[in-house]
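Please look through the structure shown below before reading the briefing, which takes up a helix, its surroundings and two sheets in turn.

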Amino acid sequence: MTINYSQLDYFQNLTANDIPDDANDWLASLSSATVIDFIQEDKYPWRVVVTLLHGNEPSGFFALHQLIKQDGFKQLKVNVRFILGSIEAAKYMEQEHQGPFSHRYLPGGMDLNRCFGSSSLSQYFLRAQMLASSIRQVKPEAIIDLHNTSGSSPAFTVSCHPKRDYLKLAGLFSDVMIVSHIRLGALMEQQFNCPVITVECGGAKQERSHEIAMKGLSLFLSQQECNAQTQNIEIIYQPMRLKLSTDQNIVIGDTAEDSTIALRQDIEALNHHENANGCIIGWATEESFKHLFIENSGQTSHVPDYFVLQDNKIVCHRDVRIFMATQKTDIVKNDCLFYFADIKPPQPQSSLRHSSVEI
Ligand SMILES: [Zn+2]
């Protein structure tokens, strides 16, 4: 598939009659990265919603389709810019029966949400720059970037700051916010002079995720103060990523054969555990276990501090919360096995890593 990385299609004030009844049909009618403005009055502030940076994460797109169909943009007291990032990947079907929303990015392509903040003007970096420019163009007062987890998961939000206005945005969607120090080239890491959060609405195939996107988005758009929501938000600091060296193979299964690592079949169940201490992650041999490592943004973290090998089982032996575990081996190989974070301060005198704040 040929991609025009500099193409940004534009629509304004779409109404129910302008788009097909079926969200998939609407997607099929789009051809490139797309900006859609809903403009009420010039004097109103702008808010920005980004979605489909990953082609297989449709909750934000479904919510937008539903809002247009319900005339949900009438009588708002804000102007809203929607940005749809990876239309080509969302549309891409390897086989007819596969359906849309099955690819995070195109085969042979790059993960667009790892391409922000670069000065490169090539391909996906150029697209990321164009999307960031179209956000800055309207000087928004808040930005929401809607995603789904690859595996089944409850909703949570991620940001780079535990600031009050970020937390209040997060509270529109979930009562858990991860404050990440890892820098990957994601949109939420960029400076926009306003709060920006990533919302993981839950699993891409869970109906509940689409409902969370719709409800949170409706609140985000309708509230005059975009961060008027108050509730108890649990904050989890300093997530780490469990990764596998690139030459190592990984399978989903119940035993470790030869030198492979096997992830347990129901690995996604760990996304729902409050504490993964004592849980089996999968199976490995002495040799293959050495190919696991922890990415912690320049800080040294050792696998044995968190995971040990017992009778070829990889067992978590520390109080941690696991996020974004997935059975999709391509994501496991190319991104990470999962994210995890301490749920207790490692030393009593250290700064809070896990806390709950009333906002
Ligand atoms: Zn995503």
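**Helix α6 and two open sheets**

Helix α6 covers residues 207-222, and at 1.5 Å a residue its 16 residues should span 22 Å, which agrees with the 23 Å that separate its end C-alpha atoms. This comes from a predicted model, and the points below follow the helix into its surroundings before they turn to the sheets.

**What surrounds helix α6**

- The buried residues of α6 are S209, H210, I212, A213, M214, G216, L217 and F220, and these buried residues pack against the strands β3 (46-51), β5 (142-149) and β8 (196-203) as well as against the helix α2 (59-69).
- The axes of α2 and α6 come within 8 Å and cross at roughly 55 degrees. That angle makes α2 oblique to α6, because it falls neither under 35 degrees, as roughly parallel helices would, nor in the range of 65 to 115 that counts as roughly perpendicular.
- The crossing in which α2 passes α6 is right-handed.
- Where the two helices meet, α2 contributes S59, G60, F62, A63, Q66 and L67, while α6 contributes S209, H210, A213, M214 and L217.

**The sheet of five strands**

- Five strands form an open sheet with mixed pairing, and their order is β11-β12-β13-β16-β15.
- The edges of this sheet are held by β11 (250-252) and β15 (307-310), each of which has a single partner strand, so one side of each is left without a neighbour in the sheet.
- On average, and with direction ignored, neighbouring strands of this sheet are turned by 35 degrees against each other.
- The edge strand β15 pairs with β16 (residues 313-316) in the antiparallel sense over four bridges, and within this part of the sheet F307 stands opposite C316 in β16.

**The sheet of four strands**

- Four strands form another open sheet, in which the pairing is antiparallel and the order is β14-β10-β18-β17.
- Its edge strands are β14 (292-295) and β17 (320-323), and each of them pairs on one side only.
- Neighbouring strands in this sheet are turned against each other by 30 degrees on average, again with direction ignored.
- The edge strand β17 runs antiparallel to β18 (residues 338-342), and four bridges join the two strands; I322 stands opposite F340 in β18.

Key:
Residues are numbered from 1 along each chain as its sequence is written. This is a predicted model: local features need pLDDT of at least 70, side-chain atom pairs count only at pLDDT 80 or more; totals for chains, interfaces and linings use all residues. Two strands pair if DSSP finds at least two bridges between them. Axes are lines fitted to C-alpha atoms, for helices over the stretch in contact, and angles run from 0 to 180 degrees between N-to-C directions. The expected span of a helix is 1.5 Å times one less than its number of residues. A residue is buried if 20 or more other C-beta atoms lie within 10 Å of its own, exposed if 12 or fewer, and partly exposed in between; C-beta atoms are placed from the backbone. Two residues are in contact if their C-beta atoms, placed from the backbone, lie within 7 Å. Angles under 35 degrees count as roughly parallel, over 145 as roughly antiparallel, 65 to 115 as roughly perpendicular and the rest as oblique. A crossing is left-handed if the near helix is turned anticlockwise from the far one by less than a right angle, and right-handed if clockwise.
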